[in-house]
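Visitor: Could you take me through one part of this model closely, beginning with a single loop and then following the chain contacts outward from there?

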Amino acid sequence: MNKNFRNAVAISALLLASTSLFAQIEDKKGIVAKGAELFKVQDGFSFTEGPAINRMGDVFFTDQPNDKIYRWNSNSNQITVFKDGAGRSNGLYFQLDGTLIAAADLNNELWEIDQNTGAEKVIVSSFKGNKLNGPNDVWVRPKGGIFFTDPLYPRDYWEGVRGKEMEQDGKHVYFLSADRTELFRVAEDLTQPNGIVGTPDGKTLYVADIGAKKTWKYDVQEDGYLTNKTLFCEMGSDGMTIDDRGNVYLTGNGVTVFDKKGEQIAHIPVPEKWTANVCFGALDRKTLFITAMGAVYTLDMKTRGVW
């Protein structure tokens, strides 16, 4: 076999692999841009998580084992370190004023981080005198107030007996009022709450119970309490996002998309063992940004993110 033939075979194999990957995308409602293919932006991380978009369309995400927050520039497609020493942050979310909220589970805290300076401030350190189990994911209500999940995932960087037993009496969902004066539980009957996201009108909240393999839908009351718990779909999720059609994006085995009625309409395979989280990036909010294991990916979409 001569060199030119070998090169041709190799190129054909790469093209076939790329075509095969795209052909596996199931898209019943035309939410993916025509001809779009999954693109690996960068790898070499340890475990990527928590993507969150700012007003300029840039996406901030975490590499929790390496204790860093990175920033993806939507214009240059370049990734740079935003914060080194990030409290082992996991889930992230931007407030409307540009403050970054982080589930920092090094000391089981919730942080706010200045987007310009990187300076952090602890806004939740405990609940009723005990540490949290380890805040995982967050969603900021448009009118203010923060919902966050507090499951338990033991970390090898926790010292002593931490992680062997829960700090709290269960794995719950919490709400922190906009003025930071009230912190209370809003869901106490879940197995392992993880991913969380709400609708742009702030009236509906989705919470993934990854331990029970279910995602629940709630009505959000003015004071932050949740009512009318209903089953959204028979699938849990690590991270979540939502688009302008009301479709909900769940992660784990790639990205699985459900319409507002809870019917599966798409599946986006990702060539990694686990897909942790997802959000919409770029100024037009039409780039799906995916964190998966040691890499991050993008996919051009027809739908638009609402955050």
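Guide: K213 sits in the loop between β16 (204-209) and β17, where a strand is a DSSP run of E of at least two residues, numbered from the N terminus. This is a predicted model, in which local features need pLDDT of at least 70 and side-chain atom pairs count only at pLDDT 80 or more, while totals for chains, interfaces and linings use all residues. Residues are numbered from 1 along each chain as its sequence is written, and side-chain values use heavy atoms, with hydrogens and water left out.

Although K213 is not a glycine, its phi is positive, at about 55 degrees. Most residues other than glycine have a negative phi. K213 counts as exposed because its relative accessibility is 61%, the classes being buried under 20% relative accessible area, exposed over 50% and partly exposed in between, with a 1.4 Å probe and protein chains only.

The chain then enters β17 (residues 214-220), which runs antiparallel to β18 (residues 226-233) and is joined to it by 5 bridges; two strands pair if DSSP finds at least two bridges between them. Within this pair, K217 has T230 of β18 as its bridge partner. The hairpin has 5 residues between its strands, and G224 in this hairpin takes a positive phi near 100 degrees.

From K217 the path leads to K260, which lies in the loop between β21 (254-258) and β22 (264-268). Neighbours within four places in sequence aside, K260 is in contact (heavy atoms within 4.5 Å) with K217, F232, R245, G246 and N247. Even with these contacts, K260 counts as exposed, because its relative accessibility is 52%. Its C-alpha lies 13 Å from that of V197, although K260 and V197 are 63 residues apart in sequence.

The positive phi of K213 has a counterpart at M293, a residue other than glycine with phi near 55 degrees. M293 belongs to the loop between β24 (287-292) and β25 (295-300). Its relative accessible area is 23%, so M293 is classed as partly exposed.

Another hairpin shows how a strand can be placed in the interior. In β7, 6 of the 6 residues are buried, so this strand is largely enclosed by the rest of the structure. β7 runs antiparallel to β8 (residues 100-104), and 4 bridges join them. S89 has A104 of β8 as its bridge partner. With 5 residues between the strands of this hairpin, G98 adopts a positive phi near 95 degrees.

The surroundings of this hairpin can be followed through V138. Not counting residues up to four places away in sequence, V138 touches G91, L92, Y93, I101, A103, L110, I146, F147, F148 and I196. V138 is also one of the residues that touch the most other members of the largest nonpolar core, together with L110, I146, F147 and L205, in a core of 40 residues. Such a core is a set of buried Ala, Val, Leu, Ile, Met, Phe, Trp, Tyr and Cys residues joined through side-chain atoms within 4.5 Å. Apart from the largest core lies another, of 22 residues, including L38, V255, F280 and A295. In soluble globular proteins, nonpolar side chains tend to be buried together.
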